[in-house]
Amino acid sequence: MPMTAERDFIPLQVCVLTVSDTRTAANDTSGDYLVQSLEAAGHRVPMRALMPDDRYRLRAIVAQWIADPEVDGILVTGGTGFTGRDSTPEALLPLLDKEMPGFGELFRAVSVEEIGTSSLQSRAFAGLANATFLFALPGSTSACRTAWEKIIRHQLDARTKPCNLATLRPRLRE
């Protein structure tokens, strides 16, 4: 992704939510990776949470975060698979004002290089809710790394050309 010094970096406020019935704060490697990556890139992480796969609790916390005008984005990891407890899409898609279908498509296309046709099992998605970017990623740390390194990092950087989500922020409430 081409970047240029013509634009200044814009630090964003991005919350991180891990959805898991088995992970704890001590072993949440995916959440840790996302927080460390955001902070290393210059963004701030004002809130972080770890919750079980419960669509109503997920929807409640994300609704709270998107209602906060200080929150620019949310990264959710986990709950995007096909098991009976995976309910992140069902919990969060109703909150979106606009879907970003290209994210899920691009994520799966990039993932094919790493995991082959297993990438079709990902229900990763992204969109916009109350002028807040929302990215829902698989729970594995490698999937979070792929999404961050190949897609999200560039789109949250105002220096990425020809366009990025960071510079779009001021126009989202038009």
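Here is a walk through this chain, from its overall build down to a few single residues. Keep in mind that the model is a predicted one.

Let's start with the parts list. The chain has six helices and six strands. If you trace the chain along its sequence, these elements come in the order β-α-β-α-β-α-β-α-β-β-α-α. So how do we judge whether the whole thing is compact? For 174 residues, a compact globule would have a radius of gyration near 16 Å, and the chain agrees with that because its value is 15 Å. Along its principal axes, the C-alpha trace spans about 45 × 35 × 30 Å.

Next, think about inside and outside. Out of 174 residues, 49% count as buried. The accessible surface comes to about 8400 Å², and carbon and sulfur atoms make up 54% of that surface. As for charge, there are 19 positive and 21 negative side chains, and the centres of these two sets lie 1 Å apart. The contacts tell you something about the fold too: among contacts with a separation of 6 or more, 76% join residues that are 24 or more positions apart.

Now let's go inside. The largest nonpolar core has 27 residues, and the members that touch the most others are Leu38, Phe103, Phe135, Leu137 and Ile152. Which elements give two or more residues to this core? They are strand S1 (14–19), helix H1 (29–41), helix H4 (101–115), strand S5 (125–129), strand S6 (132–137), helix H5 (141–155) and helix H6 (165–168). H5 gives the most, with six residues. Take Ile152 as an example: leaving aside neighbours within four places in sequence, Ile152 is in contact with Leu75, Phe103, Phe135, Leu137 and Ala147. There is also a second, separate core of 21 residues, which includes Val62, Trp65, Val76 and Leu92.

With the cores in mind, turn to the loops. The loop between S2 and H2 is a good place to begin, and Pro52 lies there. Is Pro52 buried, exposed or partly exposed? Pro52 counts as partly exposed, because its relative accessibility is 26% and the partly exposed class lies between 20% and 50%. Not counting residues up to four places away in sequence, Pro52 touches Val19, Ser20, Asp21, Arg57 and Leu58. Pro52 also lies 9.2 Å from Arg85, C-alpha to C-alpha, although the two are 33 residues apart in sequence.

Asp54 sits in that loop as well, between strand S2 (48–51) and helix H2 (55–67). With a relative accessible area of 28%, Asp54 is partly exposed. Its C-alpha atom is separated by 9.0 Å from that of Asp21, and these two residues are 33 residues apart along the chain. Looking the other way along the sequence, Ser87 and Asp54 are also 33 residues apart, and their C-alpha atoms are 7.1 Å apart in space.

Ser87 takes us to another loop, the one between S3 and H3. At 5% relative accessibility, Ser87 counts as buried. Leaving aside neighbours within four places in sequence, Ser87 is in contact with Asp53, Asp54, Arg55, Leu58 and Gly79. Thr80 is found in the loop between strand S3 (73–77) and helix H3 (88–92) too. Thr80 is buried, with a relative accessible area of 3%. Beyond its neighbours within four places in sequence, the contacts of Thr80 include Asp86, Gln121, Arg123, Ala136 and Pro138.

Finally, have a look at some backbone details. Asn130 lies in the loop between S5 and S6, and Ala131 is in the loop between S5 and S6 as well. Asn130 has a positive phi of about 55° although it is not a glycine. Ala131 is another residue other than glycine with a positive phi, near 65°. What about their exposure? Asn130 counts as partly exposed at 31% relative accessibility, whereas Ala131 is buried with a relative accessible area of 7%.

One last stop is Pro162, which is found in the loop between H5 and H6. The peptide bond that leads from Lys161 to Pro162 is cis, with omega near 10°.

Definitions and conventions: Residues are numbered from 1 along each chain as its sequence is written. This is a predicted model: local features need pLDDT of at least 70, side-chain atom pairs count only at pLDDT 80 or more; totals for chains, interfaces and linings use all residues. Side-chain values use heavy atoms; hydrogens and water are left out. Helices (H or I, at least four residues) and strands (E, at least two) are DSSP runs, numbered from the N terminus. The radius of gyration is taken over C-alpha atoms; the globule rule is 2.2 Å times the number of residues to the power 0.38. Buried means under 20% relative accessible area, exposed over 50%, partly exposed in between (1.4 Å probe, protein chains only). Contact means heavy atoms within 4.5 Å. Accessible areas come from the Shrake-Rupley method with a 1.4 Å probe; for residues, only the protein chains shown count as cover. Lys and Arg count as positive and Asp and Glu as negative; His and the chain ends are not counted. The place of a charge is taken as NZ of Lys, CZ of Arg, CG of Asp or CD of Glu. A nonpolar core is a set of buried Ala, Val, Leu, Ile, Met, Phe, Trp, Tyr and Cys residues joined through side-chain atoms within 4.5 Å.
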